[in-house]
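Here is a structure to reason through, one label at a time. For each label, ask what earns it.

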Amino acid sequence: MSISDETFMQRALALAEQARDRAEVPVGAVLVRDGTILTEAANEVETRQDATAHAEMLAIAEAQALLKTWRLSGTTLYVTKEPCPMCAGALAHVRVDRIVFGVSDPKAGACGGAFQLFDLPGLNHRCEITKGVLRDESLALLQDFFRQRRAEGEMASEDESSGQDNLSAQDKTKVVQSDQPQCQPALSGAPEKAQRPECSRRSPASARGKLTAWKTR
Ligand SMILES: [Zn+2]
């Protein structure tokens, strides 16, 4: 870890804190080139009501617009939490040289936490990865956020599962596979309305999985 890594991660943490203050899952990202911050962003999933509005996605989208090219070679992306599969894939597509993240995500991290996207043999670009930079600070921010949300009892609605809390995704998938009806449209010519099961039931178990994800780390 270099001093500059810590410096840029401090900025990403400050952005994550700003996200927290907007009731967003606190994740911040900074895109750096030649030792200078090119763009920066925080999670805005709730603000924009856009599930793809993760900090990493916003930072690279802005950089592409700024530089008028999708190729972001020569850049390093600092992010407080390990990128999810969507963001890691995007970072590979735009050819970021290096990814530096704070806390690992053992449930949905795509840079070695849950799996390693860059092990895919067919991937035409590989990012160098550095993990654990200001890990404790990044983790504490997330833990405090979810602890407070639990205390406020705001985690019960289905809508709130759409944040950058990727850790809930696997839990929910398991629930669907085990005891939830399958939400598939009718395949035959039978009336779809009659065939389609009720899919809105929410499992308390999935909510608990979400709430305790960071607590158990
Ligand atoms: Zn992501």
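Q: Which residue in E4 does valine 79 stand opposite?
A: Phenylalanine 101. One caution before going on: this is a predicted model.

Q: What makes E3 and E4 a pair of strands, and which way do they run?
A: Pairing takes at least two bridges between the strands. Five bridges join E3 to E4. The cut-off is met, so they pair. They run parallel.

Q: How do you know that E1 and E3 pair?
A: Use the cut-off of at least two bridges again. Strand E1 (residues 28-33) and strand E3 (residues 75-81) are joined by five bridges. These strands run antiparallel. Among the bridge partners, leucine 31 goes with leucine 77 of E3, and valine 30 goes with tyrosine 78 of E3.

Q: What is the order of the strands in the sheet, and why is the pairing called mixed?
A: Five strands form an open sheet, in the order E2-E1-E3-E4-E5. Strands of a sheet can pair either parallel or antiparallel. E1 and E3 run antiparallel, whereas E3 and E4 run parallel. Both kinds occur, so the pairing is mixed.

Q: Which strands are called edge strands, and why?
A: Strand E2 (36-42) and strand E5 (128-131). Each of them pairs on one side only.

Q: What makes valine 100 buried?
A: A buried residue has 20 or more other C-beta atoms within 10 Å of its own. Valine 100 has 26 such neighbours, so it counts as buried. This residue is found in strand E4. Among the residues that valine 100 touches are Asp5, Met9, Thr76 and Tyr78. Thr130 and Val133 are on that list too.

Q: Why is E3 said to be largely enclosed by the rest of the structure?
A: Count its buried residues. Seven of the seven residues of E3 are buried, so the label fits.

Q: Which helix lies across E3 and E4?
A: Helix H5 (residues 135-152). H5 runs at about 60 degrees to E4 (98-103).

Q: Which elements make the β-α-β unit, and what is its hand?
A: E3, helix H4 (residues 85-93) and E4 make the unit. It is right-handed.

Q: How do you know that the buried residues of H4 line one face?
A: Cys87, Ala88, Leu91 and Ala92 are buried in H4. Seen down the helix axis, they fall within an arc of 140 degrees, so they line one face. The buried residues of H4 pack against H3, E3 and E4. Just after H4, arginine 95 takes a positive phi of about 65 degrees.

Q: What span is expected for H3, and what span does the helix reach?
A: The expected span is 1.5 Å times one less than the number of residues. Helix H3 (residues 55-67) has 13 residues, and 18 Å is expected. From first C-alpha to last, H3 reaches 18 Å, close to that value. Its buried residues include Met57, Leu58 and Ile60. Lysine 68 follows H3, with a positive phi near 60 degrees.

Q: How many helices and strands does the protein chain have, and what share of its residues is buried?
A: Eight helices and five strands. Of its 217 residues, 38% count as buried.

Note on methods:
Residues are numbered from 1 along each chain as its sequence is written. This is a predicted model: local features need pLDDT of at least 70, side-chain atom pairs count only at pLDDT 80 or more; totals for chains, interfaces and linings use all residues. Helices (H or I, at least four residues) and strands (E, at least two) are DSSP runs, numbered from the N terminus. Two residues are in contact if their C-beta atoms, placed from the backbone, lie within 7 Å. Axes are lines fitted to C-alpha atoms, for helices over the stretch in contact, and angles run from 0 to 180 degrees between N-to-C directions. A residue is buried if 20 or more other C-beta atoms lie within 10 Å of its own, exposed if 12 or fewer, and partly exposed in between; C-beta atoms are placed from the backbone. A crossover is right-handed if, with the strands pointing away from the viewer, the path from the first strand over the helix to the second runs clockwise. The arc is that of the directions from the helix axis to the C-beta atoms. Lists of a residue's contacts leave out its neighbours within four places in sequence.
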